[in-house]
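Open the model in your viewer and keep the selection panel at hand. The stops below say what to select next and what is there.

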Amino acid sequence: MKAFFLIFSMSLFATFSNAQSVGLVLSGGGAKGLAHIGIIRALEEHNIPIDYISGTSMGAIVGGLYAAGYTPDQMEELFLSDQFKFWATGKIQEEYRYYFRKLEQTPAWLNLDLRKTEDRLRIMLPTNIIPEEQIDFAFMELFSSTNAVCGNNFDNLMVPFLCIATDVYENKEVELRSGDLGEAIRASMTFPLYFKPISIDGALVFDGGIVNNFPVKNTIEAFKPDIVIGHKVANNSKRADEDDVMAQLENMIMQKTDYEVPSDKGILLETSFFNVSLLDFNKVLSLEDAGYQTGLEQMDSIKMLISRRVSQQEMDAKRHGFNIRKPELLFQNIQVEGVTDAMQRKYIIQSVKHKTDVIDLSQLRKEYFKLVADPQLRSVRPVSYYNRETGYFDLHLKVRKDKAMEIKFGGNVSTKPINQGFLSLDYLFFDNRAYTLSTNIYFGRFYSSINAGGRIDFPTNLPFYVSGYLTLNRWDFFTSSNEFFFEDVSSPFIIQDESNVRFELGFPVKTHGKITLGTSFSSAMDSYYFNESIKRDDNAEETRFDAFSSKISIERNSQNFKQYATEGVSSELSFIYTYGDEKHQPGSNSPLNRPFSGSHKFFTLKGKYDNHFPITRHSTLGLTLEGVYSNKKLLNNYTATLLRANTFAPTPFSQTMFLENYRANKYLASGLKSIVELSDQFHLRMEGYAFVPVTSINRGDNYQAVNHPDNYSDLKLMGLGGLVYHTGLGPLSFTVNYFEKENTKFYVVLSFGYVLFNKRGY
C-alpha cells in the first residue's frame with residue numbers, strides 16, 4: 001500500500017510538473033534591452049516554454065514582438081535594418097522625402113510654436129528631440145494585423161502579454177493588457193524628452209520605467225504563472241554629480257524599481273553592461289549575444305526549476321498558426337480625429353486617398369509621409385482598426401493642427417566675418433486648401449534681408465501651389481587681410497542691394513520632384529570700386545539693373561540635409577528669359593567719365609546635378625556636375641559684368657566671397673566628394689571641384705569687360721576638407737577651404753549653422 005501511494009504521488013508530481021506555466025519578465029534599459037532577444041533565443045533553443053511575457057520600455061518592444069509572433073531571428077533582422085535606424089532617429093528615408101510640400105529653405109535652427117491660450121500668446125518649447133512620425137507609423141505597420149487576430153485583447157496573442165506605462169498627471173503606473181498593441185508598446189517606451197507622449201483612454205502616458213521598470217508583480221497577479229524568469233538589464237539611477245544634467249533629470253524622473261523575483265516563484269537573470277548608453281542601438285549583435293550568453297550560463301538552473309519542455313517544432317507550429325491568421329494590410333475608410341471642420345477633414349483624406357477606394361501599405365506609407373511634410377499640421381499619428389464586415393482596415397489619423405503660428409530662430413556663427421542672425425514668423429492654416437503666410441529677417445554685417453509672402457496649396461488629383469514673395473536683399477563683400485585664421489575687416493568694396501517680387505506655380509513630379517513656372521521683377525543696385533585705394537570721401541561706382549524674368553524649371557531633391565548632405569540627390573534644369581535695363585553712374589575717381597544706359601535681352605539655360613553613391617556602409621562618393629549657357633551681353637564695365645555673371649559656388653563658404661575666377665556667363669564645372677561617416681551624425685568629408693569658363697570675362701583697357709573664347713585651359717580648382725557634426729539644431733563644421741585667387745588661397749573656418757539666403761529675382 002505504501003509503495004502504491006509513493007508511485008501515485010510521484011506520478012501526480014510529474015503531471016503537475018509537466019503542466020508548469022512560465023512567465024518571462026523583461027526590464028527596460030534602452031538599447032541594453034536588445035539583450036532580451038538573446039535570452040529568448042537561448043530559452044527556445046533549449047525548449048524552455050514561454051507561456052506569458054511582460055515588459056517595460058525596451059522590454060515591452062521585445063516582449064510585444066515575441067507575443068505578436070516574431071521569432072528571435074526576425075527581431076534581430078528588424079533591429080539590424082535601416083528601417084529601425086529611422087525609427088530610432090526619426091529621420092525620413094530617402095524614398096519618402098516629399099520635396100513638393102517643402103517651403104523655401106531657411107537657416108533656421110529651432111522652431112517654436114506661438115499658441116493662444118487663456119487669451120494670451122505663449123511660446124511653446126519643443127517636447128521631444130526625436131520626431132515621432134517614423135515610430136508611430138512603424139508600430140501601426142508592425143502590430144495592426146496582430147490586433148485583428150487577437151481582437152485587441154493581449155490575452156489572445158500568441159503568448160499573453162502585458163506592459164507598463166506611466167500616467168503623467170497621476171504619476172502612477174498604467175498596466176496595459178488590451179487595446180491597440182502598437183499604441184501600448186509606444187506608450188511604454190516613450191522616454192521623456194526623447195519622444196512625444198501619447199494619450200490612452202484620455203490619459204497622457206510616458207515610459208513605464210518611470211514608475212515600474214520590472215513588472216514582476218504585475219505578471220504574477222495577472223497571469224499566475226508557476227515559474228517566473230526575470231531578465232534585468234537596467235539598474236536604478238546612480239546619484240548624479242553637479243555637472244551631469246541628464247543624470248540629474250533621471251534621478252528626478254525615475255522612481256526606484258525593485259529588481260527582484262521572489263525566490264519561491266522563479267529566477268532572476270542579469271546581464272550587465274559597461275559603456276552602453278540609452279541609444280546605442282548600433283550594437284545590436286553584441287548586446288543580443290551578451291543576453292544569449294547569460295541564458296546559457298544560467299540554463300542548468302532554469303532546467304532544474306522547469307521540467308516541462310516545448311519542442312521547436314511545437315513552437316514553430318504555434319507561431320505559424322497565429323501568423324497565418326493575420327490579414328493583409330489594406331485600407332479603405334479613413335477617419336480624421338482632432339479636426340472639426342469638414343473642409344479640413346476633406347483636405348486630409350483627399351491628400352491620402354485621392355480617388356482610390358482601397359490603398360495598400362506601400363501606397364499609404366508614401367501618402368502618409370507626404371502628409372507629414374505638410375507644414376500646416378503639427379503631428380499625424382496613424383491608428384488602424386480591422387473592419388470584419390469589409391475585410392479591410394479602417395485608418396484613423398489622429399491629427400494635431402494647432403500649429404497656427406511658428407517662430408524660427410537660426411543663422412550662422414563663424415570665425416569669419418560672415419555671421420548672421422535669422423528670425424521668421426509663419427502663420428499657417430487650411431480648409432479645403434492650405435495657406436502659409438511667411439515673413440523673415442536676416443541681420444548681419446555681411447548679409448541682411450527682409451522677406452514677406454505666402455503660398456497656397458491645392459490638394460487636387462494633381463496637387464499644385466501658387467506663391468508670391470517680396471524680398472529685399474543686401475550683401476557686403478569687404479576687403480580683408482591675408483591672415484590664415486582671422487581677418488581684419490576694412491571698408492567694404494562691393495555692396496549689392498537687390499529687391500524682387502516673385503510669383504510661382506508649382507506641380508509635383510513623383511515624390512522628389514517638382515515643375516515650377518515663375519516670373520519675377522527685380523531691381524539691383526551694385527556699388528563698387530575699381531581698386532582698393534579708397535579715400536573717405538570717394539563715391540563708389542553704381543550700376544543699376546532692373547529686370548523682368550520668366551522661368552521654367554524641373555527640380556529634384558531627396559538629400560538628407562540642406563547643407564553638408566551625406567545621401568540623396570539634388571538636381572535642377574532651368575530655362576530663364578530676361579529683359580533688363582542697365583544704368584551706370586561713374587564714381588568720383590572713375591576712369592569712365594559718362595553715365596551709361598542700355599537694355600539687355602537674353603536667356604540662360606542652367607543644369608545642376610549633385611548625387612551621393614554609397615560605397616560601403618560608412619563611406620559615400622559624391623558627384624557634382626554643373627553647366628550654364630547664356631547669351632547675355634557684357635555690361636558697361638568689367639566689375640559690373642562679373643557681378644551680374646553666373647557663379648559657381650558649391651560650398652557654403654564660397655557663397656560668401658566675391659571670387660572672380662569662378663564667374664562666367666557660360667561655364668562647365670564638376671566635382672567629387674568623399675564622405676566617411678564616423679557616426680550617424682559625425683562625418684569626415686573631402687571635396688574637390690574644377691571650373692572651366694566656356695567664354696572667359698577678362699578685363700580690358702579702361703576697366704572694360706572683354707569676352708575671350710576659352711580653349712578650356714583656364715581651369716580653376718576649388719576644394720574643401722574637414723569634419724562636420726550634424727547636431728539637432730544645425731551643422732557644426734571645421735573646414736579648410738581652398739580657392740584659386742590672389743593673396744590668400746586657404747581659409748580655415750569653424751562654423752555653426754547654415755549659409756543660406758533669401759532668393760534673388762530670377
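**Stop 1: an open sheet**

Four strands form an open sheet in the order 12-11-14-13, with mixed pairing. Strand 12 (359–360) and strand 13 are the edge strands, each with a single partner strand, so one side of each has no neighbour in the sheet. Strands here are DSSP runs of E with at least two residues, helices are runs of H or I with at least four residues, and both are numbered from the N terminus. Two strands count as paired if DSSP finds at least two bridges between them.

The model is predicted: local features need pLDDT of at least 70, side-chain atom pairs count only at pLDDT 80 or more, and totals for chains, interfaces and linings use all residues. Residues are numbered from 1 along each chain as its sequence is written, and side-chain values use heavy atoms, with hydrogens and water left out.

Select residues 330–337 and 392–400 next. These are strand 11 and strand 14, which run parallel and are joined by 5 bridges. Glu337 is opposite Lys398 in strand 14.

Now move to Arg381, which is in strand 13 (residues 379–387). Is Arg381 buried or exposed? Arg381 is buried, at a relative accessible area of 13%. The classes are buried at under 20% relative accessible area, exposed at over 50%, and partly exposed in between, with a 1.4 Å probe and protein chains only. Leaving aside neighbours within four places in sequence, the contacts of Arg381 are Asp136, Glu183, Ile198, Ser199, His396, Leu397 and Lys398. A contact means heavy atoms within 4.5 Å.

**Stop 2: helix 3 and the nonpolar cores**

Select residues 58–67. This is helix 3, and 10 of its 10 residues are buried, so the rest of the structure largely encloses it. Among them are Met58, Ile61, Val62 and Leu65. After helix 3 comes Gly69, which has a positive phi near 100°.

Add Ile37, in helix 2 (residues 35–45). Ile37 is buried, with a relative accessible area of 0%. Its C-alpha is 8.9 Å from that of Gly63, although the two residues are 26 apart in sequence. Not counting residues up to four places away in sequence, Ile37 touches Val62, Pro72, Met75, Glu76, Phe79 and Glu288.

From Ile37, step to Phe79. With the same kind of exclusion, up to four places in sequence, Phe79 touches Leu34, Ile37, Met58, Ile61, Val62, Leu65, Phe84 and Val284. The largest nonpolar core has 73 residues, and Phe79 is one of those touching the most other members, along with Ile53, Phe139, Phe161 and Ile229. A second, separate core has 42 residues, including Phe446, Tyr447, Val628 and Phe757. A nonpolar core is a set of buried Ala, Val, Leu, Ile, Met, Phe, Trp, Tyr and Cys residues joined through side-chain atoms within 4.5 Å.

**Stop 3: a nonpolar surface patch**

Select Leu110, Phe409, Leu423, Ile441, Phe443, Ile450, Leu470, Leu472, Val501, Phe503 and Leu729: they make a nonpolar surface patch of about 910 Å². Strand 17 (434–443), strand 19 (464–478) and strand 20 (492–509) are the elements that give two or more residues to this patch. Patch members have over 30% relative accessible area and no salt bridge, and nonpolar side chains (Val, Leu, Ile, Met, Phe, Trp, Tyr) are joined within 5 Å. Areas come from the Shrake-Rupley method with a 1.4 Å probe; for residues, only the protein chains shown count as cover.

Leu470 is in strand 19 and is partly exposed, at 45% relative accessibility.

**Stop 4: salt bridges**

How many salt bridges does a search of the whole structure find? The search finds 28. A salt bridge is a side-chain nitrogen of Lys or Arg within 4 Å of a carboxyl oxygen of Asp or Glu.

Select Glu567 and Arg97, whose closest N and O atoms are 2.3 Å apart in a salt bridge. Glu567 is in the loop between strand 22 (541–557) and strand 23 (569–585), Arg97 is in the loop between helix 5 (82–89) and strand 3 (108–117), and the two are 470 residues apart. Glu567 is partly exposed at 27%, whereas Arg97 is buried at 9%.

Next, select Arg474 and Asp497, a salt bridge with an N to O distance of 2.9 Å. Arg474 lies in strand 19 and Asp497 in strand 20, so the pair ties together parts 23 residues apart in sequence.

Finish at Arg685 and Glu687, which meet in a salt bridge at 2.6 Å, N to O. Arg685 is buried at 2% relative accessibility, and Glu687 is buried at 9%.

Conventions. Patches are made of residues with over 30% relative accessible area and no salt bridge: like charges are joined within 9 Å, nonpolar side chains (Val, Leu, Ile, Met, Phe, Trp, Tyr) within 5 Å.
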